[in-house]
Amino acid sequence: MRGLALAAAVLLGLALLPIPAAAGPVAGSDRLQRLLDRFLADEELDGGVLLVSGPDGRRVVVSGIADRRGKRPVTEDTRFYVASVGKMATAVAVLQQVEEGLAALDQPVRELAGDLALGRLANAGRARLVHLLDHSSGIPDYLTDAYAEDEAAGPDRLPRGGALLAYAHGEPATGPVGGHYAYSNSNYVLLGHIASARDGAPFAQVLQRRVLERAGMASTSVGADPRDRSLAHGYGEEGDVSRRSWAATTGDGPLVATAGDLERFVFALFRDGRLLGPAMVKRMQAPSENEEGQGLGVALWKDRWGRGVGHDGRYDGFEADVRYYPGRRTALIFLTNGNQQSDDALLDAVAAELFGK
């Protein structure tokens, strides 16, 4: 998902935390370039970045263009909107607050949401913090037809922050609180609002202090300035639809990032323990009672290459897929500035190339 641009564009002045030097060449590096090129061509995507990083080495391959008008090529430093991948950062900020005693997983949302009007938002009066994190609240999604019409008319004029939830007022609950799973962007808009209220600071500042600075994500911002030349423009059926995504600053999809910064985030969270304590990282990866593929702010799976954790993201003009295999201590990241036509996942082909069929 998505919301409005602002946030100190590229977090200037922050020193990048070093990425460990590669132990050796990643197996099939030339093949990775061919896989990316072929995938972009088959799916009719303008450009993309593919990053693989683990004990056997680190490799970044790029292809295509970041901007049709200027014909700028995609580079390792190109910044993409990453849509719902940003939900992981929102969850981390909130879970840090839980660790600090500023909130509790079983605490009612109404106690945490401050003065945000929740009366007409189905299930919000009964949901608890954990229900937002694992999408078991039953709160309806604010991405309604009315929202889509207003966004198309002017994304910069949309309500800010938690006020976006007004689009879900009067919509029916998707099911009972805590008794089912239904993915809803409203859950993470609420979490972003709660994180801001608990810290007494704008949500962009909360993410910068709690997540971006700690992980060394100096090329990541909450929202983006359209004049920024490092940005990949996103393309859909209507042409350049980037402004909708660059305007997003709510907790359901707030980040514009490089592949390298997402690598830093994944390793800081799951490998190095720099964002959450071990017990909370373990809790984050515990399957929900209602959906075994859902943790607290992360997707969970087990495939033929092992157990995985991460998140994907998709919005008009942009897609992202971030995977971490704990048993292999390896991150796979794919970013593109378009929407693919098929349901094929490039990272499945990448994993097969790296880990074996």
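**Exercise 1.** Determine which side-chain contact joins Arg72 and Asp67, and state whether the two residues are buried or exposed.

*Solution.* Step 1: the side chains of Arg72 and Asp67 form a salt bridge, with an N to O distance of 3.8 Å. The criterion is a side-chain nitrogen of Lys or Arg within 4 Å of a carboxyl oxygen of Asp or Glu. Step 2: Arg72 and Asp67 are both buried, where buried means under 20% relative accessible area, exposed over 50%, and partly exposed in between (1.4 Å probe, protein chains only). Step 3: the model is a predicted one, in which local features need pLDDT of at least 70 and side-chain atom pairs count only at pLDDT 80 or more, while totals for chains, interfaces and linings use all residues. Residues are numbered from 1 along each chain as its sequence is written, and side-chain values use heavy atoms, with hydrogens and water left out.

**Exercise 2.** Characterise the salt bridge between Arg210 and Asp199, and place it in its network.

*Solution.* Step 1: the N to O distance between the side chains of Arg210 and Asp199 is 2.7 Å. Step 2: Arg210 belongs to helix H7 (residues 203-215) and Asp199 to helix H6 (residues 185-199), so the pair ties together parts that are 11 residues apart in sequence. Helices (H or I, at least four residues) and strands (E, at least two) are DSSP runs, numbered from the N terminus. Step 3: Arg210 has a relative accessible area of 1% and is buried. Step 4: through shared partners, salt bridges join Glu100, Asp199, Arg209 and Arg210 into one network.

**Exercise 3.** State how many salt bridges a search of the whole structure finds, and analyse the pair Arg68 and Asp46.

*Solution.* Step 1: the search returns 17 salt bridges. Step 2: in the pair Arg68 and Asp46, the N to O distance is 2.9 Å. Step 3: Arg68 sits in the loop between strand E2 (57-67) and strand E3 (72-73), and Asp46 in the loop between helix H1 (29-43) and strand E1 (47-54), so this salt bridge ties together parts that are 22 residues apart in sequence. Step 4: Arg68 is partly exposed, at 36% relative accessibility, whereas Asp46 is buried, at 16%.

**Exercise 4.** Identify the residues that touch the most other members of the largest nonpolar core, and list the contacts of Leu129.

*Solution.* Step 1: a nonpolar core is a set of buried Ala, Val, Leu, Ile, Met, Phe, Trp, Tyr and Cys residues joined through side-chain atoms within 4.5 Å. Step 2: the largest core has 87 residues, and Leu129, Leu133, Leu190, Val211, Phe265, Leu269 and Met284 touch the most other members. Step 3: with residues up to four places away in sequence not counted, Leu129 touches Val94, Val98, Ala103, Ala104, Leu105, Gln107, Val109, Leu112, Leu191 and Ile194; contact means heavy atoms within 4.5 Å. Step 4: another core, of 20 residues, lies apart from the largest one and includes Leu50, Val52, Leu347 and Leu354.

**Exercise 5.** Describe the burial of helix H11 and the residue that follows H11.

*Solution.* Step 1: H11 (residues 346-355) is mostly covered, with 7 of its 10 residues buried. Step 2: these are Leu346, Leu347, Val350, Ala351, Ala352, Leu354 and Phe355. Step 3: Gly356 follows H11 and has a positive phi, near 100°.

**Exercise 6.** Locate Thr258 and list its contacts.

*Solution.* Step 1: Thr258 occupies the loop between strand E8 (255-257) and helix H9 (259-271). Step 2: Thr258 is buried, at 5% relative accessibility. Step 3: leaving aside neighbours within four places in sequence, Thr258 contacts Glu76, Asp77, Thr78, Arg79, Ser219, Thr220 and Leu335.
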